[in-house]
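Below is a short briefing on selected features of one protein chain, set out by topic. Please read the points alongside the sequence and the structure.

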Amino acid sequence: MAGKNTAVFGIYRTYEAVEQGVAALQADGFRNTDISVLFSENVGTKDFAHEKHTKAPEGTAAGVGTGAVIGGSLGWLAGIGALAIPGLGPFIAAGPIIAALAGVGVGGAIGGIAGALIGMGIPEYEAKRYEGRVKEGGILLSVHSDDSDWTKRAKNILERTGAQDISSTGEASADSAKTDKPMRRAS
């Protein structure tokens, strides 16, 4: 599905690849509020964190479990933080996906990452596949697109930077002025 208020999703295998993806999206004009990233904190603290050796690191995004901070392209993203998903453990998330994951509860029929993704408009079979890939150490990157041109651009960037399982779907609650999605771009 490619039209108004579409989300493009892909899975990256390495920190370097997702950083390249985020940097390419940034260079192509995507806003930091358009991009979400989700990965396991266990992977993140070992493979994704850059240790800062000052008491007041400038430009860093957020502390994660071991006191390390996320830097580089991921540090540009909005609202990086750690959160615990019931039954799955600690994760690091950035961007609009945080709001969806914050609402995940234990009582949900599907719950976890899949439940949040389904709530964002992803079909259940794809949401479960993405949840499995993230549990195995993959990094989920999601990009909000205002229209089919932005969707095509996002897919091309994800393909070029090594994302796997790339798909797109219409976002739930497409009223971007009243949700946590970014405001539409001015013409």
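Arg153 places its charged end over the ring of Trp150, 3.9 Å from the ring centre. The model is predicted. Trp150 also belongs to one of two aromatic pairs counted here, and the points below take up these pairs, a helix and a strand residue.

**Trp150 and its partner**

- The ring centres of Phe30 and Trp150 lie 4.8 Å apart, and with their planes at 80 degrees, over the limit of 60, the pair is edge-to-face.
- Phe30 comes from the loop between α1 (15-27) and β2 (35-40), whereas Trp150 is in helix α6 (residues 148-160).
- The two residues are 120 residues apart, and their pairing links distant parts of the chain.
- Phe30 has a relative accessible area of 2% and Trp150 one of 12%; both values are under 20%, so both residues count as buried.

**Tyr130 and its partner**

- Phe9 and Tyr130 have ring centres 5.9 Å apart and planes at 35 degrees, which makes the pair tilted, because that angle is neither under 30 nor over 60 degrees.
- This pair also links distant parts of the chain, with Phe9 in strand β1 (residues 6-12) and Tyr130 in helix α5, 121 residues apart.
- Both Phe9 and Tyr130 are buried.
- Tyr130 has a charged neighbour as well: Arg129 lies over the face of its ring, at 5.4 Å from the centre.

**Helix α5**

- Helix α5 covers residues 124-135, which is 12 residues.
- From first C-alpha to last, α5 reaches 16 Å, close to the 16 Å expected at 1.5 Å a residue.
- The buried residues of α5 are Glu126, Ala127, Tyr130, Glu131, Arg133 and Val134.
- These residues lie on the same side of α5, because they cover an arc of only 165 degrees around the axis.
- In general, an α-helix has 3.6 residues a turn, so residues three or four places apart point the same way.
- After α5 comes Gly137, which has a positive phi, near 105 degrees.

**Ser36 in strand β2**

- Ser36 is located in strand β2.
- Its relative accessibility is 2%, so Ser36 counts as buried.
- Which residues does Ser36 contact, leaving aside its neighbours within four places in sequence? They are Ala94, Gly95, Pro96, Ile97, Leu140, Leu141 and Ser142.

Note on methods
Residues numbered from 1 in each chain as written. Predicted model: local features only at pLDDT ≥ 70, side-chain atom pairs only at ≥ 80, totals over all residues. Heavy atoms only, no water. Helix = DSSP H or I, 4+ residues; strand = E, 2+ residues; numbered from the N terminus. Expected span 1.5 Å × (residues − 1). Buried < 20%, exposed > 50% of the residue type's maximum accessible area, 1.4 Å probe, protein only. Arc of directions from axis to C-beta. Phe/Tyr/Trp six-rings, centres within 6.5 Å; stacked < 30°, edge-to-face > 60°. Lys NZ or Arg CZ within 6 Å of the ring centre and 35° of its normal. Contact = heavy atoms within 4.5 Å.
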